[in-house]
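This briefing is for a reader who has the sequence and the coordinates at hand. It goes through the model by topic.

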Amino acid sequence: MASNSLATEFKAHLDDFQISLEPSALNYLISMLAVMSMSDKAKDVRDATEMFLDEAEVDPEKINQFYATLGKGNVKTSSGPSTSVSTSSPSTDNAPPLDQRKPMSSIEARRMKRAQKKAAAAASPSQLTEAEPKIVATAQQSRFHRETLETSSKDIDMQTVNISVNNLDLLVDAHLRLKEGVRYGLVGQNGVGKTILMRCMADNILAMPSNLNILHIAQLETFDETTTVLNEVLGADKACTKALREYEVLHAILGDAPQSTSSSTAQLNTALHNILISRMETRVITAQQLAQKRSGTRGHDARQAQLAIETEFAALKTQDPQVYISSDMATELIADVFDKFALINFDARKAKARKILRGLGFEEAQVDARVQTLSGGWRMQIALAKALFVGPDILLLDEPTNHLDLPAILWLQEYLINETTGLTLVIVSHDRAFLNAATTETIILRDKILRYHAGSFADYESTSEEQRVRKQALLDVQAKKRAKLLASIQHNVQQARATGDDKRLGQVASRKKKIERLGMEKTEDGKRFKVSYWAGYHTSARAEIEMEKALKTATIKIPDPPPLRYHGSVFTVKNASFRYPTSNKDVLTNVSLDVGPHARIALLGPNGCGKTTLLNMMVGVTQPTTGEVYRHPSLRIGYFSQHVVDQLTLTRTPIEEMRSRHPELSEQECRAHFGTVGVSGNTVLRKIANLSGGQRNRIAFAIILYDAPHVLVIDEITNHLDMGTVERLVEALEGFEGALVLVSHDVWFMKQLMEGEDGGGDDDDENDVKEERAFYVVRNGAVKRWEKDMDGYVEAVMKKVRKSDRY
């Protein structure tokens with residue numbers, strides 16, 4: 001064939017399959033194929049051209065048919081979207097399956113990103129939200145492919161990390177760096193991609209080092225409903241569980257004497273054969289993952305090794321156990337299984353699992369209870385316990401404090417500090433106090449890149465504020481210098497024109513050079529600025545002084561309630577007790593509590609002490625068994641319970657949910673109301689199932705605020721909210737004119753609302769509100785006022801945690 005025969009054939013084949021490419025892409029393909037020929041391997045042709053068909057969003061099945069018939073005769077296609085291929089030749093064996101393509105180079109990654117952006121611009125919002133999330137993650141690969149080798153290092157250092165979801169970029173050319181034994185706090189606004197980054201690391205979507213065991217807590221949220229909580233945690237250690245299962249199989253046949261193989265030889269051979277199959281299946285999976293990561297010659301060798309082990313695995317499964325298992329093989333395998341079992345310390349494993357469960361708040365009865373008897377919140381704590389029990393090389397914790405009470409949070413904080421030496425931790429949490437105490441370094445995900453700070457989040461905030469003040473001062477000084485130089489230039493130009501003095505023009509040129517040199521006089525680390533420090537091409541002599549833009553978090557506006565024209569207590573609980581119908585013990589006993597029209601009441605206590613029961617009784621969800629609860633007849637109550645988000649209909653949009661409760665509202669009125677809590681644009685048209693946890697919180701809160709309540713009763717509202725949103729929420733609640741009744745285990749949130757500094761308003765009004773602020777501790781059915789501050793309560797709880805059997 002002539003040199004351009006392949007190019008001509010390829011172009012004609014595109015026409016046969018009704019595949020249209022961009023002119024630039026088609027020209028590039030033709031020029032590339034002109035130097036190839038039909039004698040080249042089909043695999044090489046496919047590797048060189050397939051990405052262009054992917055960019056054109058050709059169906060994968062259609063791509064397979066395209067390459068299977070390339071160079072094998074005419075192809076007849078139908079006019080519809082599906083393509084039928086008429087050929088008598090089988091598909092080529094050299095074409096690699098779609099899931100075994102080599103990793104993309106940086107050029108391919110950039111080309112894919114351009115195609116994704118074009119598809120995102122052409123797609124409608126509904127298409128993007130309704131589709132199943134599609135994650136694409138790439139990273140620069142080193143020349144020696146170190147990320148696919150097993151080494152003693154447990155560090156991660158990956159350049160040019162790119163992650164997109166549904167064609168929307170979350171990370172662009174980011175640098176992912178994790179050092180062994182460091183506890184990182186990962187911070188960023190809701191929706192920037194913190195959870196997706198964790199998923200890409202744990203699910204091996206990014207080519208992570210193969211010697212590292214990376215665990216994301218979301219991977220442990222599947223449970224065996226029939227087993228006990230303790231056994232569920234013990235079963236999280238897969239290697240130990242597998243060794244135990246192999247031992248149990250052989251022990252049932254051999255008893256305690258591994259050297260005895262005479263009895264039931266056929267049954268023993270079958271069991272040993274199944275063990276070999278199970279072990280080799282694990283090796284096959286590892287080989288497949290390695291073949292997907294590597295590229296070039298090493299990738300070719302890895303794929304050859306994959307094919308070899310897959311062939312060996314298929315042959316092993318077809319073997320007759322009675323013939324295949326020899327006496328020497330049986331002796332060696334039995335000894336290996338029994339030796340692994342002997343190394344397992346069952347008492348130590350159970351003690352560790354019980355310690356973790358007790359620390360997270362499980363009672364002894366719950367530890368031995370079946371998983372199916374526990375609610376969703378407790379199951380999340382089981383997943384956290386499993387993650388802590390396994391102890392991988394890198395542990396990724398996403399909002400671990402959700403559903404935990406303060407004693408459990410403080411226990412977890414101490415456990416992570418003292419019991420995870422050598423373990424790399426990455427923690428996402430909205431709880432500032434927990435994050436500041438438990439982490440030593442901070443990763444900031446912002447503007448689609450990762451930044452690193454060698455300190456806690458509080459230290460990062462302080463340093464950022466100092467940098468902002470310093471740069472603002474530099475900008476002010478620079479502005480004065482610029483104004484002075486411009487005035488001098490203008491004066492010298494006028495003097496030169498009036499007197500004809502050319503020396504003045506020389507001064508003008510000198511002043512202009514000084515203006516060009518205005519900018520950063522020192523680098524970020526305090527060194528004197530030099531051009532040699534500034535890599536790349538630039539249009540000015542020095543770097544500009546750039547102020548870091550503040551994060552824009554949507555504000556929350558709480559409507560002022562209509563006046564009650566009443567100055568007494570809006571809530572009065574008098575000698576109230578509550579007992580569930582199936583119980584013979586009171587949950588609350590002789591509770592008396594008054595809530596004024598501007599009160600700030602905070603309820604403190606561990607999970608299960610009766611805080612939520614008291615709230616339900618106060619708002620009328622339940623009635624007291626004895627005693628009474630008085631509510632003003634015109635009182636409007638907004639109750640944000642722990643389950644209010646779960647009560648949203650996931651198949652509806654926020655507007656549909658709002659109109660189901662208030663049919664008289666128009667779409668525009670619903671949009672306007674959701675805008676008061678920062679939910680706007682196409683978000684209100686998306687299904688609630690496709691919204692993040694923080695967005696669902698805002699939707700539920702907006703629905704509660706529609707009636708302009710006089711009293712807001714809030715139970716754990718900060719779950720799933722980012723720090724910026726919690727700040728905006730605090731600002732809104734501080735300005736709320738009605739009463740607040742709060743339950744939260746977020747120490748920072750409680751301190752801001754209950755101990756916040758007085759503003760600059762009327763002192764008398766501020767003092768009136770401050771006098772009505774009070775903490776109440778719920779313990780053993782009683783509700784008593786706590787006279788100290790929030791720090792005093794945290795200190796008291798910490799002492800109890802350290803003295804208890806949890807620690």
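The overall composition comes next, followed by bullet points on confidence, two sheets, one helix and two residues.

The structure is a predicted model, in which local features need pLDDT of at least 70, side-chain atom pairs count only at pLDDT 80 or more, and totals for chains, interfaces and linings use all residues. Residues are numbered from 1 along each chain as its sequence is written, and side-chain values use heavy atoms, with hydrogens and water left out. The protein has 28 helices and 18 strands; these are DSSP runs numbered from the N terminus, with at least four residues for a helix (H or I) and at least two for a strand (E). Of its 807 residues, 43% count as buried, where buried means under 20% relative accessible area, exposed over 50%, and partly exposed in between (1.4 Å probe, protein chains only). Among contacts with a separation of 6 or more, 69% are between residues 24 or more positions apart; a contact means heavy atoms within 4.5 Å.

**Confidence**

- The mean pLDDT of the protein is 79, and 79% of its residues reach 70 or more; pLDDT is the predictor's confidence in each residue, from 0 to 100.
- Among the elements, helix H6 (residues 125–130) has the lowest mean pLDDT, 42, and strand E14 (residues 637–640) has the highest, 94.
- Residues 116–131 have pLDDT below 50, and this stretch has 18 contacts in the model beyond near neighbours in sequence.
- Over residues 758–770 the pLDDT also stays under 50, and the model has five contacts beyond four places in sequence for them.
- Where pLDDT is low, the predicted coordinates should not be read in detail.

**Sheet E1-E2-E3 and helix H7**

- Three strands form an open sheet in the order E1-E2-E3, with antiparallel pairing; two strands pair if DSSP finds at least two bridges between them.
- Strand E1 (135–138) and strand E3 (168–178) are at the edges with a single partner strand each, so one side of each has no neighbour in the sheet.
- From one strand to the next, the twist averages 20 degrees; axes are lines fitted to C-alpha atoms, for helices over the stretch in contact, and angles run from 0 to 180 degrees between N-to-C directions.
- E1 and strand E2 (residues 156–165) run antiparallel and are joined by four bridges, and Thr 138 has Asn 162 in E2 as its bridge partner.
- Helix H7 (residues 194–202) packs on this sheet and touches E1, E2 and E3, its direction making about 120 degrees with that of E2.
- Lys 194, Leu 197, Met 198, Cys 200, Met 201 and Ala 202 are the buried residues of H7.
- Asn 204, just after H7, takes a positive phi of about 65 degrees.

**Six-stranded sheet**

- A second open sheet has six strands in the order E14-E15-E16-E12-E17-E18, and its pairing is mixed.
- E14 and strand E18 (782–786) are its edge strands; each has a single partner strand, so one side of each is left without a neighbour in the sheet.
- Neighbouring strands here are turned against each other by 20 degrees on average, direction ignored.
- Strand E12 (residues 600–604) pairs with strand E16 (residues 739–743) in the parallel sense over four bridges, and the bridge partner of Leu 603 in E16 is Val 743.

**Val 595**

- Val 595 belongs to strand E11 (residues 588–595) and counts as buried at 1% relative accessibility.
- Apart from neighbours within four places in sequence, Val 595 contacts Ser 569, Val 570, Phe 571, Ile 601, Met 618, Ala 739 and Val 741.
- Val 595 and Leu 740 are 145 residues apart in sequence, and their C-alpha atoms are 8.7 Å apart.

**Helix H17 and Asp 405**

- Helix H17 (residues 406–418) has 13 residues, which at 1.5 Å a residue should span 18 Å, and its end C-alpha atoms are 18 Å apart, in agreement; the expected span is 1.5 Å times one less than the number of residues.
- Eleven of the 13 residues of H17 are buried, so the helix is largely enclosed by the rest of the structure; among them are Leu 406, Trp 411 and Tyr 415.
- Asp 405 is in the loop between strand E6 (394–398) and H17, and caps the N-terminal end of H17 with a side-chain oxygen 3.0 Å from the backbone nitrogen of Ala 408.
- Asp 405 is itself buried, with a relative accessible area of 5%.
- Leaving aside neighbours within four places in sequence, Asp 405 contacts Pro 606, Asn 607 and His 745.

Definitions and conventions: A polar contact is a pair of N or O atoms within 3.5 Å; within protein, one must be able to donate a hydrogen and the other to accept it, and residues adjacent in sequence count only if both atoms are side-chain atoms.
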